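Student: Could you take me through one part of this structure closely, and show me how its surroundings fit together around it?

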Amino acid sequence: MKLCRFGAAGHEKPGLLDGNGALRDLSGVFNDIDAALLSPDGLARLAAVDVAMLPLVSGEPRLGVPYTGISKFICIGLNYSDHAAEAGMAVPSEPIIFLKANSAISGPNDPILQPRHSTKLDWEVELGVVIGSRASYVSEGEALDHVAGYCVINDVSERGFQMQSSQWDKGKGCDTFGPIGPWLVTRDEVADPQDLDMWLDVNGTRMQSGNTRTMIFGVRSLVSYCSRYMTLLPGDIIATGTPPGVGMGIKPEPVWLKPGDVVELGIAGLGHQRQQVSL
């Protein structure tokens, strides 16, 4: 299933895409797509819905974050060796974990707001892993059993803020720095999360091209690893790192986003996002 939420910010309705890619309104069946609905039982209830009986949604409504109830927005740094190289950093021996503020979360096509005093605004296309059931000290073999599905994430970053200390959170957690969506694609529709093409364009120019197969630590490993240090709850999301091609790594001079720039990004089977930078 491809689950989504549509409508004005703060007033989104639950929806899904039918087999033809048309948007259907789920609000007559479920009040919302929340963390509880991402559990195995909840997903079974969703799968039992007669999609053909759901109302079609006309036009092109705004898409919001595809579900609610995110208690933790966990991010993994330097998880592609070629991205570590372009950043001038060593390949990590263990996953690097940091958190984005939940107030950074925004819809997939909402504007990126450049913070005051920002001079080094950057982009990062990433695979998001959505947790569906409580996970604590799970093995790699069990890890995917706790995954509800996958999303596209843009890990927007302000490198000047990020590099001011050893803690990256300040440069990662500003408002609108966490676009998620357009859909939550349930795990049954993703045959192999380690074989997904990903891309990102800025103003129509391809900046990032990659595939999740080149992750240093794969999805199974990351879910298991994170669950050793914090209990993962339904709705929690893990951003799994970015391939090379970020603005910071461009030679001979870095390229930074500025107001008016348009960022488009996507992952095979998971949809695409489009954001314009604004003050």
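Tutor: What follows is a close look at strand 4 and its surroundings. This is a predicted model, in which local features need pLDDT of at least 70 and side-chain atom pairs count only at pLDDT 80 or more, while totals for chains, interfaces and linings use all residues. Residues are numbered from 1 along each chain as its sequence is written, and side-chain values use heavy atoms, with hydrogens and water left out.

Helices (H or I, at least four residues) and strands (E, at least two) are DSSP runs, numbered from the N terminus. A residue is called buried under 20% relative accessible area, exposed over 50%, and partly exposed in between, with a 1.4 Å probe and protein chains only. Strand 4 covers residues 73–77, and because five of its five residues are buried, this strand is largely enclosed by the rest of the structure. Both of its faces are covered, with Phe73, Cys75 and Gly77 buried on one side and Ile74 and Ile76 buried on the other.

Two strands pair if DSSP finds at least two bridges between them. Strand 4 pairs with strand 5 (residues 96–100) in the antiparallel sense, over five bridges, and within strand 5 it is Leu99 that stands opposite Ile74. With strand 16 (residues 237–239), strand 4 pairs in the parallel sense over three bridges, and Cys75 has Ala239 of strand 16 as its bridge partner.

These three strands also meet helix 6 (residues 219–227), where eight of the nine residues are buried. Val219, Ser221, Leu222, Val223, Ser224, Tyr225, Cys226 and Ser227 are the buried residues of helix 6, and what covers them includes strand 4, strand 5 and strand 16, together with strand 9 (125–131), helix 3 (140–143) and strand 10 (147–154); contact here means heavy atoms within 4.5 Å.

A nonpolar core is a set of buried Ala, Val, Leu, Ile, Met, Phe, Trp, Tyr and Cys residues joined through side-chain atoms within 4.5 Å. The largest such core has 49 residues, and those with the most contacts inside it are Leu127, Tyr150, Val223, Leu232, Ile238, Ile267 and Leu270. Strand 4 and helix 6 are among the elements that give two or more residues to this core, as are strand 1 (2–6), strand 9, strand 10, strand 14 (197–202) and strand 17 (262–267). A second, separate core of 29 residues includes Ala84, Cys151, Ile153 and Ala239, the last of these being the bridge partner of Cys75.
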